[in-house]
Amino acid sequence: MSIALHWAASHTTVATDPKTTARSAAELQADVGETITADGIGAARAMELFDQVLLPATRSAEDPMNLAYIPAAPTRAAVAFDTVVSAANVFGGIWENGAGAIFAENQVLRWLADLLGWPEESAGVFVAGGTHGNLSALATAREHALQRRGRRPEGGWALACASTAHSSISSAARLLDMDVVSVPVDDRGHLTGEALEEVLAADDRICAVVASAGTTNAGIVDDLASVVEAAHRHGAWVHVDGAYGGAALAAPSVRERFTGIEQADSFIVDPHKWLFAPYDCCALLYRDPRPAAAAHSQHAAYLDSIDRGESNPSDLAAHLSRRTRGLPLWYSLATHGTASYTAAVERCLASSRTVARAIEETEHLELLAEPELSVVVFRRPGWAPAAYRRWSQRLAKEGTLLCVPTAFRGEIALRLAFVNPGTDPEAVIKVLRTTMRAADGS
Ligand SMILES: Cc1ncc(COP(=O)(O)O)c(C=O)c1O
């Protein structure tokens with residue numbers, strides 16, 4: 001067996017350590033030296049460098065006490081199958097080349113479409129990440145509007161979203177030369193149809209509305225039913241960004257929060273966030289895939305013999321060649337069953353509620369909002385920003401807990417994102433209660 005495969009096969013347990021382990025490029029250069037040489041350094045040396053120098057300078061996103069940003073918790077089945085996907089090396093852009101692998105990916109996409117309550121004809125594709133998924137969906141929305149209206153509006157296209165939408169939305173708007181029209185949120189942070197109505201009535205350049213199904217910062221699910229109604233009344237496309245929160249569609253305890261998503265036009269969820277798949281993986285779905293194919297199909301002399309009878313994944317996003325990156329999720333879902341996924345997502349939701357209750361009951365802490373999904377936002381009254389930073393850095397250095405400061409409603413705050421069913425809420429509570437007493441965060 002090759003050295004690399006042997007390493008992958010023996011790497012079946014999670015490397016857990018939330019410590020901050022990044023090193024400077026100069027330090028790494030000193031330890032690693034030149035690896036790209038005319039004669040090669042050999043597999044044994046390259047693997048040794050990866051195992052002993054390069055990998056230790058990365059941080060595991062999988063540690064149960066890593067609750068910063070959006071961490072990750074892929075199943076061992078999904079991680080193992082990622083290696084299989086590499087070994088199989090299937091071209092997943094076109095049905096003719098990748099039929100069997102694409103068929104399996106499509107079964108997963110169908111599971112997601114059923115959770116969304118979408119019709120039989122809905123379809124999708126796995127792309128690299130939420131940023132890529134959002135960009136592709138919004139390119140489809142813009143092209144769809146152009147086809148319907150026949151020309152670009154005076155002043156160019158625009159999209160509407162709340163300021164709580166993920167940064168990848170404004171990035172996509174920049175790339176697509178669209179203006180972003182910001183819609184005020186209600187007092188609990190939701191984008192609503194009522195506020196949207198005013199904006200849409202005032203600006204007919206808006207061809208797409210982006211709603212969040214779980215904001216990254218606070219896990220807030222916009223009021224999807226009223227948003228869809230207002231947007232469709234004005235002929236605007238509705239894209240729902242569920243990169244983080246979309247996984248909770250599988251959880252009956254919160255499914256009601258997503259009411260209205262049944263009528264959205266496009267949707268993304270990142271299985272590498274909360275559906276227990278390894279990086280990098282985003283499921284992009286369209287209720288009706290035809291506008292996506294119109295926006296993204298590539299045509300060239302050498303591509304014209306492609307059989308376009310079956311749906312080709314390359315037609316549904318901004319790409320042509322693609323790895324069948326949905327397969328690790330397929331294998332894990334097929335292995336464990338959807339009920340296990342529901343249980344695992346519910347466990348994360350339950351952990352966030354337990355920690356939120358404990359924060360409320362702790363004198364030196366203040367819960368800032370009731371978690372709608374699995375992000376808990378709180379503060380330590382009396383702490384200046386430097387105290388938050390000191391505390392966060394100290395715990396990161398010790399490897400106790402990874403929790404970084406954020407801003408919430410204009411104030412510095414802390415957030416904990418629960419996407420790992422292995423996180424023990426009692427361990428988190430213990431850390432918060434014992435390490436946050438000192439007035440200066442030390
Ligand atoms: C709500 C939301 N949308 C989009 C993204 C971007 O996803 P990715 O990092 O996979 O590009 C993120 C990432 O955290 C997110 O939380």
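This passage goes through a predicted model, starting with its ligand site and moving on to a pair of helices and two backbone oddities.

Start with the ligand. Its surroundings are made up of G129, G130, T131, N134, H166, S168, T216, D241, A243, D270, H272 and K273. Sorted by class, that shell comes out as eight polar residues, three charged ones and one nonpolar one. Two helices, α6 (130–149) and α10 (271–274), each put at least two residues into the shell. The biggest share comes from α6, which supplies three residues.

Zooming in on single atoms, oxygen atoms of the ligand turn up in several polar contacts. With G130 it is the backbone that takes part: one of its N or O atoms sits 2.8 Å from a ligand oxygen. With T216 the side chain does the job, placing a polar atom 2.7 Å from an oxygen atom of the ligand. D270 also uses its side chain, with an N or O atom there lying 2.7 Å from a ligand oxygen. As for how covered the ligand ends up, on its own it would expose 390 Å², and the protein buries 82% of that.

Next come the helices. In general, a packed pair of helices is described by two things, the angle between the axes and the distance between them. For helix α1 (residues 3–10) and helix α3 (residues 43–54), the angle is about 30° and the axes are 9 Å apart. Angles under 35 degrees count as roughly parallel, so α1 runs roughly parallel to α3. On the α1 side, the touching residues are I3, A4 and W7, while α3 brings A43, A44, M47, F50 and D51. What kinds of residues meet here? Seven are nonpolar, one is charged and none is polar.

Finally, there are two spots where the backbone does something a bit unusual. As a rule, most peptide bonds are trans, and most residues other than glycine have a negative phi. The peptide bond from Y279 to D280, however, is cis, with omega near -10°. D280 belongs to the loop that links α10 to β7 (282–286). The other spot is N89, which is not a glycine and yet has a positive phi of about 50°. N89 is also a loop residue, found between α4 (76–88) and α5 (95–116).

Methods: Residues numbered from 1 in each chain as written. Predicted model: local features only at pLDDT ≥ 70, side-chain atom pairs only at ≥ 80, totals over all residues. Heavy atoms only, no water. Axes fitted to C-alpha atoms, helices over the stretch in contact; angles between N-to-C directions. Helix = DSSP H or I, 4+ residues; strand = E, 2+ residues; numbered from the N terminus. Parallel < 35°, antiparallel > 145°, perpendicular 65-115°, else oblique. Contact = heavy atoms within 4.5 Å. Nonpolar A, V, L, I, M, F, W, Y, C, P; charged D, E, K, R; others polar. Near = heavy atom within 4 Å. Polar contact = N/O pair within 3.5 Å; in protein donor to acceptor, adjacent residues only side chain to side chain. Areas by Shrake-Rupley, 256 points an atom, 1.4 Å probe, with all protein chains shown as cover.
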